[in-house]
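User: I've got this model open on my screen and I'd like a close look at one part of it. Could you take me through that spot and then connect it to what's around it?

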Amino acid sequence: MKKNLNTEDLLRQYAIGERDFTSIHLSAYLSEADITEINLSEADIMGANSFEKTNLTRANLSQAKMLGNNLKGAILSHANLKQTDLSGADLTNTNLSYADLREAILTGADLKEAELLECKLEGAILVAANLKGAKNCCIGRGALICKTVFPDGEFVRGPYLWE
């Protein structure tokens with residue numbers, strides 16, 4: 001059974017040096033928080049959680065469930081998001097430079113104006129995703145593309161398995 005944490009509990013534990021919050025159930029409003037190098041791998045962070053403008057540099061969010069989260073303007077550079085479910089997440093203006101999004105689920109995700117420099121997207125699922133205006137976008141090999149808007153505004157109907 002997953003341990004439940006709220007905003008206050010997580011920030012209090014983080015402030016005293018705890019970084020490992022693996023497999024927790026998090027209901028939080030962490031806008032503008034600085035939680036670099038936090039480990040939220042396999043966490044259940046679904047719903048109306050807000051990480052708007054949150055610094056998650058080098059965070060481990062691998063295999064987390066982050067459906068519908070608000071990550072507008074968040075800093076996720078060098079973050080591990082491998083196999084993370086970001087379906088319906090708002091990643092507008094998010095910094096994902098050097099992030100690992102291999103095999104991530106980005107169905108319905110909004111990555112408008114996101115920074116994707118050296119971002120790893122191999123095997124990612126991009127169905128009904130919006131990449132319009134995303135910077136330095138390089139779709140990785142094995143990514144599934146369907147009904148997605150590319151950075152230049154081109155609508156790609158697909159489905160395509162990116163080679």
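How exposed is Lys-112, in terms of relative accessibility?

Analyst: Bear in mind that this is a predicted model. Lys-112 has a relative accessibility of 31%, which puts it in the partly exposed class. Its side chain meets that of Asp-110 in a salt bridge, with 3.2 Å from N to O. The acidic partner is classed differently: Asp-110 has 17% relative accessibility and counts as buried. The cut-off for buried is under 20%, so Asp-110 at 17% makes it into that class. In short, a partly exposed lysine, Lys-112, is paired with a buried aspartate, Asp-110.

That pair belongs to a set, since the whole structure holds 6 salt bridges. Two others are worth a look. Asp-9 and Arg-12 join through their side chains at 2.6 Å, N to O. Both sit in helix H1 (residues 7-15), and being 3 residues apart there puts about one helical turn between them. Asp-9 is partly exposed, at 22% relative accessible area. The other pair is Lys-72 with Asp-90, where the closest N and O atoms are 3.8 Å apart. Lys-72 and Asp-90 both lie in the loop between strand S2 (25-27) and S3, so this salt bridge ties together parts that are 18 residues apart in sequence. Lys-72 is partly exposed as well, with a relative accessible area of 35%.

Stay with Asp-90 for a moment, because it leads into the nonpolar core: Asp-90 is one of the residues in contact with Leu-71, once sequence neighbours within four places are set aside. Other contacts of Leu-71 include Phe-51, Leu-56, Met-66, Leu-76, Leu-86 and Leu-91. The largest nonpolar core has 49 residues, and Leu-71 is among those with the most contacts inside it, along with Leu-26 and Leu-40. As background, nonpolar side chains tend to be buried together in soluble globular proteins.

Now back towards the residues around Lys-112. Ala-134 sits in the loop between S3 and S4 and is buried, at 10% relative accessibility. Leaving out neighbours within four places in sequence, Ala-134 is in contact with Leu-111, Glu-113, Ala-114, Leu-116 and Pro-151. For a sense of distance, the C-alpha atoms of Ala-134 and Glu-18 are separated by 34 Å, with their positions 116 residues apart along the chain.

What about the cysteines? The count of disulfides comes to 0. Cys-119 is buried at 9% relative accessibility, and its sulfur is 8.0 Å from the closest cysteine sulfur, that of Cys-137, which is too far for a bond. Cys-137 is in no disulfide either, with the sulfur of Cys-138 as its nearest at 7.2 Å. Cys-137 is partly exposed, at 26% relative accessibility.

Next comes the sheet. It is an open one of 3 strands, in the order S3-S4-S7, with mixed pairing. Strands S3 (125-127) and S7 (160-161) are the edges; each has a single partner strand, so one side of each has no neighbour in the sheet. Strand S4 (residues 144-146) pairs with S7 in the antiparallel sense, over 2 bridges. One of the residues to click on is Ile-145, whose bridge partner in S7 is Tyr-160.

Thr-148 is the residue to check after that. It lies in strand S5 (residues 148-149) and counts as buried, at 0% relative accessibility. The Thr-148 side chain reaches the backbone nitrogen of Ala-129 at 3.4 Å. Beyond residues up to four places away in sequence, Thr-148 touches Leu-126, Val-127, Ala-128, Ala-129, Leu-131, Glu-154, Phe-155 and Val-156.

Finally, a few backbone details to look up while you have the model open. The peptide bond from Gly-158 to Pro-159 is cis, with omega near 5°, and Pro-159 is in the loop between strand S6 (155-156) and S7. Ser-23 is not a glycine, yet it has a positive phi of about 60°. Ser-23 lies in the loop between H1 and S2 and is partly exposed at 25% relative accessibility. Arg-58, also not a glycine, has a positive phi of about 60° too. Arg-58 is found in the loop between S2 and S3, and it is partly exposed with a relative accessible area of 46%.

Note on methods
Residues numbered from 1 in each chain as written. Predicted model: local features only at pLDDT ≥ 70, side-chain atom pairs only at ≥ 80, totals over all residues. Heavy atoms only, no water. Pairing = 2+ DSSP bridges. Helix = DSSP H or I, 4+ residues; strand = E, 2+ residues; numbered from the N terminus. Salt bridge = Lys/Arg side-chain N within 4 Å of Asp/Glu carboxyl O. Buried < 20%, exposed > 50% of the residue type's maximum accessible area, 1.4 Å probe, protein only. Core = buried A, V, L, I, M, F, W, Y, C linked by side-chain atoms within 4.5 Å. Contact = heavy atoms within 4.5 Å. Polar contact = N/O pair within 3.5 Å; in protein donor to acceptor, adjacent residues only side chain to side chain. Disulfide = S-S within 2.5 Å.
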